[in-house]
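Dear colleague,

Please find below the structure that I am handing over to you. I would be grateful if you could look through it before reading the notes that come after.

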Amino acid sequence: MIPSYANFGGKIHGGILLSLMDKVAYAAASKHAGNYCVTVSVDGVNFLQPVEVGELVSLLASVNYVGRTSVLVGIKVTAEDVRTGSVKHTNTCYFTMVAKNDAGKPTLVPGLLLETRDDTRRFQEAIKRREFKARYHQEFDNARTILAVVDQLHLLENERCQLAY
Ligand SMILES: CC(C)(COP(=O)(O)OP(=O)(O)OC[C@H]1O[C@@H](n2cnc3c(N)ncnc32)[C@H](O)[C@@H]1OP(=O)(O)O)[C@@H](O)C(=O)NCCC(=O)NCCS
């Protein structure tokens with residue numbers, strides 16, 4: 001990580017890491033798909049620890065799951081202090097990529113060969129993650145449609161805000 005990647009606090013800018021993750025997700029997905037892919041959705045991006053200038057960042061990616069036209073890529077990010085050899089895990093996240101044909105339409109991707117128990121576990125976890133995400137969005141949308149602002153003022157009681165109208 002070179003100094004020009006740093007933010008005003010001297011740590012590596014989160015956007016630099018996001019950009020690297022997107023490129024790695026693209027490489028893994030398009031290689032599996034045999035087609036160009038686009039990023040559709042990113043889940044689980046949390047910057048658990050800061051990355052310092054000079055650290056060696058590694059991105060480990062695997063195709064965890066495939067749908068009809070989508071490919072889910074899991075990415076683990078680590079940062080190593082090359083002087084001490086200490087390695088810290090900074091992030092694990094999941095990119096959903098969709099393969100596109102020459103007409104720009106989503107196109108079928110090959111099925112996935114599960115070669116190890118870990119491959120199988122990741123595939124199963126991806127199915128669960130997909131179900132939970134769909135359920136979360138459904139429930140949140142339902143809650144939002146019934147959320148009348150005046151009836152929900154108690155939600156603000158222990159929050160650090162005040163009404164200014
Ligand atoms: C992603 C995109 C192709 C979906 O188009 P669509 O007409 O809705 O196509 P479909 O409904 O057939 O969805 C295609 C796949 O995307 C998946 N998908 C769509 N929206 C999704 C979302 N928000 N999260 C996860 N997967 C999603 C669908 O589940 C489907 O997967 P499957 O074929 O494996 O079942 C379209 O929205 C698009 O081109 N978006 C722009 C992507 C882009 O340009 N990214 C670069 C950054 S700007």
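The notes below describe what was found, beginning with the division of the chain and ending with two individual residues.

Please bear in mind throughout that this is a predicted model.

Overall division

The protein chain is split into two domains, with domain 1 covering 3–112 and domain 2 covering 113–165. Their C-alpha centres are separated by 22 Å. The UniProt record, an unreviewed entry, places the feature "domain: HotDog ACOT-type" at residues 1–103. Within that span, 19% is helix and 43% is strand, and the C-alpha atoms at its two ends lie 38 Å apart.

Contact between the domains

Where the two domains meet, eight residues of domain 1 are in contact with eight residues of domain 2. On the domain 1 side, strand S2 (56–66) and strand S3 (70–80) each supply at least two of the residues that touch domain 2. S2 gives the most to this side, with three residues. Sorted by class, the domain 1 side has four nonpolar, three polar and one charged residues.

Strand pairing

The two strands just named are also paired with each other: S2 and S3 run antiparallel and are joined by 10 bridges. One example is Val-57, whose bridge partner in S3 is Ala-79. The connection from S2 to S3 is a hairpin through three residues.

S3 has a further pairing, with strand S4, again in the antiparallel sense and over 11 bridges. Here Val-77 has Asn-91 in S4 as its bridge partner. S3 and S4 also form a hairpin, with six residues between them. In that turn, Gly-85 has a positive phi of about 80°.

The ligand and its surroundings

Which residues surround the ligand? They are Val-38, Thr-39, Val-40, Ser-41, Gly-67, Arg-68, Thr-69, Ser-70, Thr-96, Val-98 and Pro-106. Two elements give two or more residues to this shell, namely strand S1 (36–43) and strand S4 (87–100). S1 gives the most, with four residues. By class, the shell has four nonpolar, six polar and one charged residues.

Two leucines

Two leucine residues may help you to find your way around the rest of the chain. Leu-113 lies in the loop between S4 and H2. Is Leu-113 buried or exposed? Leu-113 counts as exposed because it has 7 C-beta neighbours inside 10 Å, and a residue with 12 or fewer is placed in that class. Leu-113 and Phe-95 are 18 residues apart along the chain, and their C-alpha atoms are separated by 19 Å.

The second of these residues, Leu-153, is found in the segment after helix H2 (117–146). With 10 other C-beta atoms within 10 Å, Leu-153 is therefore exposed. Leu-153 and Leu-163 are 10 residues apart in sequence, and the distance between them in space is 9.8 Å, C-alpha to C-alpha.

In summary, you may wish to begin with S3, which pairs with S2 over 10 bridges and with S4 over 11 bridges. S4 is also one of the elements that give two or more residues to the shell around the ligand.

Yours sincerely

Notes. Residues are numbered from 1 along each chain as its sequence is written. This is a predicted model: local features need pLDDT of at least 70, side-chain atom pairs count only at pLDDT 80 or more; totals for chains, interfaces and linings use all residues. A residue is near a molecule or strand if its C-beta atom, placed from the backbone, lies within 6 Å of it. Ala, Val, Leu, Ile, Met, Phe, Trp, Tyr, Cys and Pro count as nonpolar, Asp, Glu, Lys and Arg as charged, and the others, Gly among them, as polar. UniProt positions are given in the numbering used here, feature names are shortened, and annotations may be inferred rather than shown by experiment. Domain bounds come from an automatic or database domain assignment. Two residues are in contact if their C-beta atoms, placed from the backbone, lie within 7 Å. Two strands pair if DSSP finds at least two bridges between them. A residue is buried if 20 or more other C-beta atoms lie within 10 Å of its own, exposed if 12 or fewer, and partly exposed in between; C-beta atoms are placed from the backbone.
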